[in-house]
Amino acid sequence: QLQLVESGGGLVQPGGSLRLACAASGFTLDDYAIGWFRQAPGKEREGVSCISRGGNFRNYADSVKGRFTISRDNAKNTVYLQMNNLKPADTATYYCAAVRSSRYCSAYFPAGSGMGYWGKGTLVTVSS
(Lines give C-alpha, C1' and ligand atoms only; values in the text may rest on other atoms or scores of the structure.)
Protein backbone atom coordinates (compact mmCIF):
# COMPACT_ATOMS: atom_id res chain seq x y z
CA GLN A 1 0.00 0.00 0.00
CA LEU A 2 1.39 3.36 -1.03
CA GLN A 3 1.15 5.97 1.67
CA LEU A 4 2.72 8.97 3.34
CA VAL A 5 2.62 9.31 7.10
CA GLU A 6 3.32 12.55 8.94
CA SER A 7 4.54 12.72 12.51
CA GLY A 8 6.03 15.19 14.96
CA GLY A 9 3.11 17.51 15.54
CA GLY A 10 2.02 18.64 18.96
CA LEU A 11 1.51 21.57 21.29
CA VAL A 12 4.34 24.08 21.56
CA GLN A 13 4.67 27.55 23.05
CA PRO A 14 5.30 30.58 20.85
CA GLY A 15 8.96 30.78 19.99
CA GLY A 16 9.38 27.03 20.29
CA SER A 17 10.39 24.44 17.71
CA LEU A 18 9.08 21.24 16.23
CA ARG A 19 10.37 18.88 13.59
CA LEU A 20 7.83 17.20 11.38
CA ALA A 21 8.61 14.03 9.47
CA CYS A 22 6.98 12.61 6.37
CA ALA A 23 7.70 8.92 5.87
CA ALA A 24 6.81 7.00 2.75
CA SER A 25 5.86 3.36 2.60
CA GLY A 26 5.19 1.23 -0.43
CA PHE A 27 7.28 3.44 -2.70
CA THR A 28 10.59 5.30 -2.65
CA LEU A 29 10.72 9.07 -2.45
CA ASP A 30 13.81 9.42 -4.64
CA ASP A 31 11.81 10.25 -7.76
CA TYR A 32 9.36 12.58 -6.04
CA ALA A 33 9.32 16.21 -5.14
CA ILE A 34 7.77 16.65 -1.71
CA GLY A 35 5.62 19.51 -0.52
CA TRP A 36 4.46 20.48 2.94
CA PHE A 37 1.06 22.13 3.18
CA ARG A 38 -1.05 23.32 6.06
CA GLN A 39 -4.64 24.13 6.72
CA ALA A 40 -5.99 26.02 9.68
CA PRO A 41 -9.66 25.80 10.68
CA GLY A 42 -11.78 27.94 8.41
CA LYS A 43 -8.88 28.78 6.11
CA GLU A 44 -7.70 27.65 2.72
CA ARG A 45 -4.92 25.14 2.43
CA GLU A 46 -1.58 26.80 1.76
CA GLY A 47 1.75 25.56 0.55
CA VAL A 48 4.47 25.89 3.18
CA SER A 49 7.58 24.45 1.58
CA CYS A 50 8.80 22.02 -1.04
CA ILE A 51 11.98 20.18 -1.88
CA SER A 52 13.05 18.84 -5.23
CA ARG A 53 13.75 15.20 -5.95
CA GLY A 54 17.48 15.52 -5.46
CA GLY A 55 17.15 17.95 -2.58
CA ASN A 56 19.07 20.70 -4.33
CA PHE A 57 16.12 23.07 -4.71
CA ARG A 58 13.89 24.29 -1.93
CA ASN A 59 11.07 26.76 -1.86
CA TYR A 60 9.21 28.39 1.00
CA ALA A 61 6.13 30.46 1.59
CA ASP A 62 7.00 34.02 2.57
CA SER A 63 5.31 33.51 5.93
CA VAL A 64 7.82 30.84 6.97
CA LYS A 65 11.04 31.95 5.29
CA GLY A 66 13.89 32.13 7.74
CA ARG A 67 12.03 30.03 10.31
CA PHE A 68 11.30 26.71 8.57
CA THR A 69 13.78 24.39 6.87
CA ILE A 70 12.89 21.46 4.66
CA SER A 71 15.26 18.55 4.15
CA ARG A 72 15.18 15.00 2.93
CA ASP A 73 16.93 11.74 3.71
CA ASN A 74 16.29 9.44 0.81
CA ALA A 75 18.08 6.59 2.56
CA LYS A 76 15.40 6.78 5.25
CA ASN A 77 12.66 7.52 2.72
CA THR A 78 11.71 10.53 4.82
CA VAL A 79 11.35 14.28 4.42
CA TYR A 80 11.57 16.66 7.35
CA LEU A 81 10.27 20.11 8.14
CA GLN A 82 12.18 21.86 10.91
CA MET A 83 10.04 24.64 12.32
CA ASN A 84 11.65 27.24 14.56
CA ASN A 85 10.36 30.38 16.22
CA LEU A 86 6.82 29.14 15.91
CA LYS A 87 3.96 31.60 16.08
CA PRO A 88 0.28 31.16 16.91
CA ALA A 89 -0.42 31.82 13.20
CA ASP A 90 1.43 28.57 12.41
CA THR A 91 -1.29 26.57 14.13
CA ALA A 92 -2.72 24.17 11.56
CA THR A 93 -2.84 20.59 10.39
CA TYR A 94 0.28 19.95 8.35
CA TYR A 95 0.24 17.61 5.39
CA CYS A 96 2.98 16.28 3.17
CA ALA A 97 2.40 15.37 -0.44
CA ALA A 98 4.48 13.82 -3.20
CA VAL A 99 4.55 14.39 -6.92
CA ARG A 100 6.67 12.68 -9.52
CA SER A 101 7.95 15.84 -11.13
CA SER A 102 11.31 17.45 -11.68
CA ARG A 103 9.75 20.91 -11.96
CA TYR A 104 7.21 21.08 -9.19
CA CYS A 105 9.20 23.14 -6.70
CA SER A 106 10.50 25.61 -9.26
CA ALA A 107 7.42 25.93 -11.45
CA TYR A 108 4.26 25.00 -9.55
CA PHE A 109 4.75 25.45 -5.79
CA PRO A 110 2.73 26.46 -3.78
CA ALA A 111 -0.11 24.88 -5.75
CA GLY A 112 -1.32 21.63 -4.24
CA SER A 113 -3.28 20.39 -7.20
CA GLY A 114 -1.63 17.60 -9.12
CA MET A 115 0.14 16.07 -6.14
CA GLY A 116 0.05 12.30 -6.44
CA TYR A 117 0.04 11.19 -2.82
CA TRP A 118 -1.09 12.88 0.38
CA GLY A 119 -0.64 12.03 4.02
CA LYS A 120 -3.41 12.34 6.58
CA GLY A 121 -1.78 15.18 8.44
CA THR A 122 -0.35 16.02 11.82
CA LEU A 123 -1.70 18.79 14.05
CA VAL A 124 0.55 21.61 15.18
CA THR A 125 -0.77 23.92 17.88
CA VAL A 126 1.21 26.98 18.93
CA SER A 127 -0.18 28.44 22.10
CA SER A 128 0.87 29.67 25.51
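A salt bridge here is a side-chain nitrogen of Lys or Arg within 4 Å of a carboxyl oxygen of Asp or Glu. Keep that cut-off handy for the exercises below, and remember that this is a predicted model.

**Exercise 1. Salt bridges around Arg38**

Task: find the salt-bridge partner of Arg38, then work out which residues are linked with Arg38 in a network of salt bridges.

Solution:
- Step 1. Start with the count: the rule gives 5 salt bridges.
- Step 2. Check Arg38 against Glu46. Their closest N and O atoms are 2.7 Å apart, and the cut-off is 4 Å, so the pair qualifies as a salt bridge.
- Step 3. Now look at Arg67 and Asp90, whose side chains also meet in a salt bridge, at 2.7 Å from N to O. Asp90 sits in the loop between strand 8 and strand 9, while Arg67 sits in the loop between strand 6 (58-60) and strand 7; the two are 23 residues apart, and the pair links distant parts of the chain.
- Step 4. Put the pieces together: Arg38, Glu46, Arg67 and Asp90 are linked in a network of salt bridges.
- Background: side chains of opposite charge can pair when their charged atoms come close.

**Exercise 2. Buried or exposed?**

Task: sort Arg38, Glu46, Arg67, Asp90 and Asp62 into buried, partly exposed or exposed.

Solution:
- Step 1. You need two cut-offs: buried is under 20% relative accessible area and exposed is over 50%, with partly exposed in between.
- Step 2. Arg38 comes in at 5%, so Arg38 is buried.
- Step 3. Arg67 has 8% relative accessibility and counts as buried; Asp90, at 2%, counts as buried too.
- Step 4. Glu46 has 31%, which means partly exposed.
- Step 5. Asp62 has 64%, so Asp62 counts as exposed. Its side chain meets that of Lys65 in a salt bridge, 3.1 Å from N to O.

**Exercise 3. What else does Arg38 touch?**

Task: place Arg38 in its strand and list its side-chain polar contacts with Ser63 and Asp90.

Solution:
- Step 1. Arg38 is found in strand 4.
- Step 2. Its side chain makes a polar contact of 2.9 Å with the side chain of Asp90, and one of 3.4 Å with the side chain of Ser63.
- Step 3. Widen the view to general contacts, skipping neighbours within four places in sequence. Arg38 then touches, among others, Glu44, Arg45, Val48, Val64, Phe68, Ala89 and Tyr94.

**Exercise 4. Trace the disulfides**

Task: pair up the bonded cysteines and say which elements each pair connects.

Solution:
- Step 1. A search of the whole structure turns up 2 disulfides.
- Step 2. One joins Cys22 to Cys96, with an S to S distance of 2.1 Å. Cys22 is in strand 3 and Cys96 in strand 9, 74 residues apart, so this pair links distant parts of the chain. The angle about the S-S bond is 75°, and the link is right-handed.
- Step 3. The other is formed by Cys50 and Cys105, their sulfur atoms 2.4 Å apart. Cys50 lies in strand 5 and Cys105 in helix 1 (residues 104-108), so parts that are 55 residues apart in sequence get tied together.
- Step 4. Check burial. Cys22 is buried at 0%, as is Cys96 at 0%. Cys50 is buried at 0%, and Cys105 is buried at 3%.
- Step 5. Number the bonded cysteines in sequence order, and the pairing reads 1-3, 2-4.

**Exercise 5. Map the nonpolar cores**

Task: say how many residues the largest nonpolar core has, and which have the most contacts inside it.

Solution:
- Step 1. The largest core has 29 residues.
- Step 2. Trp36, Leu81, Met83 and Tyr94 have the most contacts inside it.
- Step 3. Several strands give two or more residues to this core, including strand 3 (18-25), strand 4 (33-39), strand 8 (78-83) and strand 9 (92-99).
- Step 4. Zoom in on Leu81. Beyond neighbours within four places in sequence, Leu81 is in contact with Leu18, Leu20, Trp36, Val48, Phe68, Ile70 and Tyr94, among others.
- Step 5. Don't miss the second, separate core: it has 9 residues, including Ala33, Phe37, Val99 and Met115.

**Exercise 6. Two faces of strand 1**

Task: split strand 1 (residues 3-7) into its covered and uncovered faces, then find its partner strand.

Solution:
- Step 1. Leu4 and Glu6 make up the covered face; Gln3, Val5 and Ser7 make up the uncovered one.
- Step 2. Strand 1 is joined to strand 3 by 5 bridges, and the two run antiparallel.
- Step 3. For the register, note that Val5 stands opposite Ala23 in strand 3.

Conventions: Residues numbered from 1 in each chain as written. Predicted model: local features only at pLDDT ≥ 70, side-chain atom pairs only at ≥ 80, totals over all residues. Heavy atoms only, no water. Core = buried A, V, L, I, M, F, W, Y, C linked by side-chain atoms within 4.5 Å. Buried < 20%, exposed > 50% of the residue type's maximum accessible area, 1.4 Å probe, protein only. Helix = DSSP H or I, 4+ residues; strand = E, 2+ residues; numbered from the N terminus. Contact = heavy atoms within 4.5 Å. Disulfide = S-S within 2.5 Å. Polar contact = N/O pair within 3.5 Å; in protein donor to acceptor, adjacent residues only side chain to side chain. Pairing = 2+ DSSP bridges.
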